[in-house]
Amino acid sequence: MADNSGNDKPFVLASRPDDEKGIPYYGVDILKKHVNVVWYEDFLKDKAKYSELIQGVILWVMAPRVDAALLDALPNVKVISNVGAGVNFLDLDLLSSRGLKVCNTPRILNETTADMGMTLLLASARRLLEGDQMVRDPNIKWQINFCGRQVSGATLGIVGMGGIGYAVAQRAHAFRMNIFYHNRTRRPQAEEEAVGAQYCASLEELLPQCDFVIIMTPLTAETKGMFGKKQFDLMKPSSTIINIARGGIINTAALLEALQNKTIAAAALDVTDPEPLPDDHPLLKLQNVTFTPHLGSATVQTRSNMMSLAVQNLLDALSGKPLVNQVI
Ligand SMILES: O=CC(=O)O
């Protein structure tokens, strides 16, 4: 492509590294090797300079926000390339009505995200953060009889048996957990001896049996608010809910009530609705909730791989090559 930069790399819009959701330094290096980066803030300051040049947008942790106003200002944009698997935050109808391609980076984050799912499960079960606080804080009495909940041999329910769900099941199997799963379609591979998960056709069947329930399903119109009062009422009072998918799958008010009323024992949340939670949100006051700030795929190795794949997707889309990771 001819441009005024003295090279043939396409111009691509992205979020600046010092933004809250900006690209980290290792991502910037990968990006700059292959494209001319226009930082979103620079674009906002001088739209006339960049509008016509920009052919693609790289989305890092859902930023920058792609809406009709942005697309109106980018007449030559052809592809939106997401560094991540879930694209629930994009208006796919709008993007397809404008003839744009959307790509994502599924699969390469499965193992890392499953590691995080198990990390949250273990941390919540064994009260890791409360124990850490107890050791550090001179105002909290050090006590050796500070018990958590048993993981080995306990029963895990996996809601959403895609690639990440399967990787969680493999890890849970190594912990000798009994595994149940619920998925729109049955996954025979998960039921084989190597993992030994048992299928439940409904949440009604799955939830009452489980000590831990981990949510791994994408956020769609069908899964939005999938966990509300009715589902928490079906869970054991000693059970823990873990969400490493999207905050909106759980009704936040119902979760708060379930935790406050001891309908369930604990929660471990990598994602919330809203995200982040406002500083004064009552969930933040509860000791039996373990939080992480949407870190499912957050290792430098995996996030670098995701960035490389997203850039490759973008370049393929611009050069008209067949797309492996095309959402629309
Ligand atoms: O949340 C992260 C992703 O969708 O990849």
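In this predicted model, the largest pocket holds about 1300 Å³ of space. Its lining runs to 48 residues, and those closest to the pocket centre are Ala-85, Gly-86, Met-216, Thr-217 and Pro-218. Several secondary-structure elements chip in: strand S4 (79-83) and helices H6 (110-125), H8 (163-174) and H13 (300-318) each bring at least two residues to the lining of this pocket. H8 gives the most, with three residues. Sorted by class, the lining of the largest pocket comes out as 21 nonpolar, 20 polar and seven charged residues.

The second largest pocket offers about 760 Å³ of space. Here 32 residues make up the lining, with Lys-21, Thr-272, Glu-275, Pro-276 and His-294 closest to the centre. The class split for the second largest pocket is 15 nonpolar, eight polar and nine charged.

Turning to the aromatic side chains, a search of the whole structure picks up four aromatic pairs. One of them joins Tyr-25 and Tyr-26 edge-to-face, at 5.3 Å centre to centre and with 85 degrees between the planes. Tyr-25 is exposed, at a relative accessible area of 60%, whereas Tyr-26 is buried, at 15%. Another pair is Tyr-40 with Phe-43: the planes sit at 25 degrees and the centres 6.5 Å apart, so this pair is stacked. Tyr-40 and Phe-43 lie three residues apart in helix H2 (residues 40-45), which means that about one helical turn separates them. Tyr-40 is partly exposed, with a relative accessible area of 23%, while Phe-43 is buried, at 0%.

Notes:
Residues numbered from 1 in each chain as written. Predicted model: local features only at pLDDT ≥ 70, side-chain atom pairs only at ≥ 80, totals over all residues. Heavy atoms only, no water. 1 Å grid on protein atoms, 1.4 Å probe; cavity = no way out; pocket = protein on both sides within 12 Å on 5 of 7 lines; lining within 4 Å. Points joined across faces, edges and corners; volume = space filled by probe spheres on them. Helix = DSSP H or I, 4+ residues; strand = E, 2+ residues; numbered from the N terminus. Nonpolar A, V, L, I, M, F, W, Y, C, P; charged D, E, K, R; others polar. Phe/Tyr/Trp six-rings, centres within 6.5 Å; stacked < 30°, edge-to-face > 60°. Buried < 20%, exposed > 50% of the residue type's maximum accessible area, 1.4 Å probe, protein only.
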